[in-house]
Each structure stands twice: as C-alpha cells, then as structure tokens.
Amino acid sequence: MKTLFLIDPAFFDGHLNGARIPLCLMMLDTLRDGGRVCAQIGPRRVRVSFPSEADTIDASFSGVRLEDAPEECAFDLAVCQKGVPPELPEGVEVTQVALMLNDARGRQAINQFNELLSGRFGFDLFRMLGPLRAIQGNRRDRAQMARFDRVYVQTAPEAAYLRKRFSEAEQKVRIFNNGTVTLRLFEDTVVARPKTPRPRRFLLPVPPASRRVAEYEWFLKRLAAYPKLLEQTTVLLPSAFAGRVPEGFNVASAVPDFQAFLTSFDCVLVPTGHYTGLNNRVLQAALAGCDVIASPQALEGLIPHEQELAAAPHTFAQFRALMETWPEGGTALRSGPRRRT
C-alpha cells in the first residue's frame, strides 16, 4: 500500500497536538503493515519514516524523518487532512482519495444542543443555535461524502450517525479507531504507576478551540469553590485561555511533549468532549499510566465496556464527587494494559 498524505505546511513543525494524532497514527500504522508513506507539504513531496525505537506517539512524531521523493507519483490512496483542499499535484495518480473527518459537524451540533437542554454548562447562545448548525453541518457532511471515496471517522457512534443520514456513507465511511491503533502500536510501553501513596495531582488540559472556552471557564469557576480540589489541579491552557483561569489554580502552557509532561500527574480531567483531539488526550493519559475522569463523550470509542461509560460523570456534582474520592472511589477510565515484564 502506497499512501500519500495531503497535509498543511506546518504539520511537522512544533509538537504533536490532538488534531494531528489521527493522521500520525495512520502513517505509523501504514508503515507497520509494510506500506510506504509519502506526504505532500506544499510543493514538496517527501517520504516519511519514524524512529523504530520510539515508544510513544510524541517520541515518534518528534523523531520523524522526511526525505525528498519527487519521483513518487503513483499511490493507492491519498488521505487529506481536515481543512486542506484535496488537490493532487500535477502528474500524481491516485486510486482513491480519503478524508480524515474526525467529527461529523451535524452530530457535534446536536450533542452541544443536548448539553444546553441538560443545563450542564448553563446558558450558551452557541449551543442554543444547535439545531440550525446541525442543518448546516449535515449539508457540509453530505458535500464531503460526495467529494471523497473514503471518509475516516474515529468512533462507531460517529460512523452510525453518518450512515443513518447519508446513503452513500454505508460504502464510504471507515472507522479508524485511535484507541485500538495506539494500543496495537505502543501496548508494550504502557507505563505502570507505583502503588505507593502520592499527593493528588489532577491535570485539566484545555483544548485550543475558542468555542470551548465558555464551558471550561464555567467548569473552573465551579471547581474553584472547593479549595482542596483547586490546589490539587493544574490547568494546561492555550494562549487564548490566558486570564480566564480563577486564582488559586496552577497553570502551565506550551508543553512540547504532552506524554512526558503527564509523568508529573496521576489523573487527567476531561469534563466535556466532542472533539477528537480530546479523545486522543484521554488515550495518551491512559498510556502514560494516568487515571482519567472524563465525560461519556470524551470516552467514546476508547473503552469497550458499556458499564464504564455508564459510570462516567454526567453532571458537575458527579465529576466533583469522583475527584474527591479518587482513587478509592474509582474513575471513569483506568490505565488499561500494563508494561509487560
């Protein structure tokens, strides 16, 4: 299998983020199965390889090797990064063109509208417009179905939503499960934490999407009313979120290696989630040996057992209760397989 990835020019710059993880995993998985991976970065076509000794996604990404390969012109599959026009360079032949969709826009809008009805994050004009945005999102999803031969999504609920609404989706939608692929690639290096008592250290990573700011600000204001939990929580924030964190929280930003950063924490908090980037952070936390307290949406596609999803917190009170009883009271997701000895 020869695969060409159409990615933005800055894809390999800086550090790995949640939006880049699905494509990075697909590259690694293709290479693991004996395929060849190339990337079109602006006018430059390169052959992509990763260090074989890397034992985490971040380490693989930071050690990527790019070798010019202008002679590579025929591919079995071209995979487009979301937001990058699927325009093939002149002279390149491809059997099929695919899109890494991440999230169906229509379903995302419906989920957010349901959050508004539940009162989970208070009044939010953006969520109130959910039905209208769902119509617009479904139109966009249909246009993408018509434009590509394959559409990759990361969870079964995402695939079911598209297949229910678009007849062509039955043939085109494929599931690329980040949880399954990551465990297959890095299962032997899952970190086991020591059992000795340690100070509680919670990490709350805030996603870069500006539309998520209101709900995280709401959640932190509620959490700030509990001084003990406030002192135990560090907020990993993007620049757009600076100044919105209540006093008393520890803050961090610009982390180059998220998985290495996680070694300082024991539990990761994900109070909301409709974005695949958050699902990937949940997965990385579990691989790093952290426990996770997360919403059901953030756990979709990452854990197989319905009883674990049912135990995930649906309200702020449930979320806070899990934090206060952690680790004795259990969490929504345990660290999964342990390092083999």
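A residue counts as buried under 20% relative accessible area, as exposed over 50%, and as partly exposed in between. Arginine 44, at 38% relative accessibility, is therefore partly exposed. The model is predicted. This briefing covers an open sheet of 5 strands, the helices H9 and H15 that pack on it, and a set of 13 salt bridges.

**Sheet**

- The strand order is S11-S10-S9-S12-S13, and the pairing is parallel.
- S11 (250–252) and S13 (291–294) are the edge strands. Each has a single partner strand, so one side of each lacks a neighbour in the sheet.
- From one strand to the next, the twist averages 25°.
- Strand S10 (residues 233–236) runs parallel to S11, and 3 bridges join the two.
- Threonine 234 has asparagine 250, in S11, as its bridge partner.

**Helices on the sheet**

- Helix H9 (residues 213–223) touches strands S9 (202–205), S10 and S12 (267–270). The direction of H9 makes about 155° with that of S9.
- Helix H15 (residues 316–325) touches S9, S10, S12 and S13. The direction of H15 makes about 160° with that of S13.

**Arginine 320 in H15**

- Arginine 320 belongs to helix H15.
- Its relative accessibility is 19%, so arginine 320 counts as buried.
- Beyond neighbours within four places in sequence, arginine 320 contacts Tyr226 and Leu229.
- Arginine 320 also forms a salt bridge with glutamate 324, with the closest N and O atoms 3.1 Å apart.
- Both residues of this pair lie in H15, 4 residues apart, or about one turn of the helix.
- Glutamate 324 is partly exposed, at 38% relative accessibility.

**Salt bridges between separate elements**

- Arginine 44 and aspartate 68 meet through their side chains in a salt bridge of 2.6 Å, N to O.
- Arginine 44 lies in strand S3 (residues 44–49) and aspartate 68 in strand S4 (residues 65–68), so the pair ties together parts 24 residues apart in sequence.
- Aspartate 68 has a relative accessible area of 49% and is partly exposed.
- Arginine 201 forms a salt bridge with aspartate 266, and their closest N and O atoms are 3.6 Å apart.
- This pair links distant parts of the chain, 65 residues apart. Arginine 201 sits in the loop between helix H8 (178–186) and S9. Aspartate 266 sits in the loop between helix H11 (258–261) and S12.
- Arginine 201 is partly exposed at 28% relative accessibility, whereas aspartate 266 is buried at 9%.

**Salt-bridge network**

- Lys2, Arg36, Arg47, Glu67, Glu71 and Glu72 are joined into one network by salt bridges that share partners.

Technical notes
Residues numbered from 1 in each chain as written. Predicted model: local features only at pLDDT ≥ 70, side-chain atom pairs only at ≥ 80, totals over all residues. Heavy atoms only, no water. Pairing = 2+ DSSP bridges. Axes fitted to C-alpha atoms, helices over the stretch in contact; angles between N-to-C directions. Contact = heavy atoms within 4.5 Å. Buried < 20%, exposed > 50% of the residue type's maximum accessible area, 1.4 Å probe, protein only. Salt bridge = Lys/Arg side-chain N within 4 Å of Asp/Glu carboxyl O.
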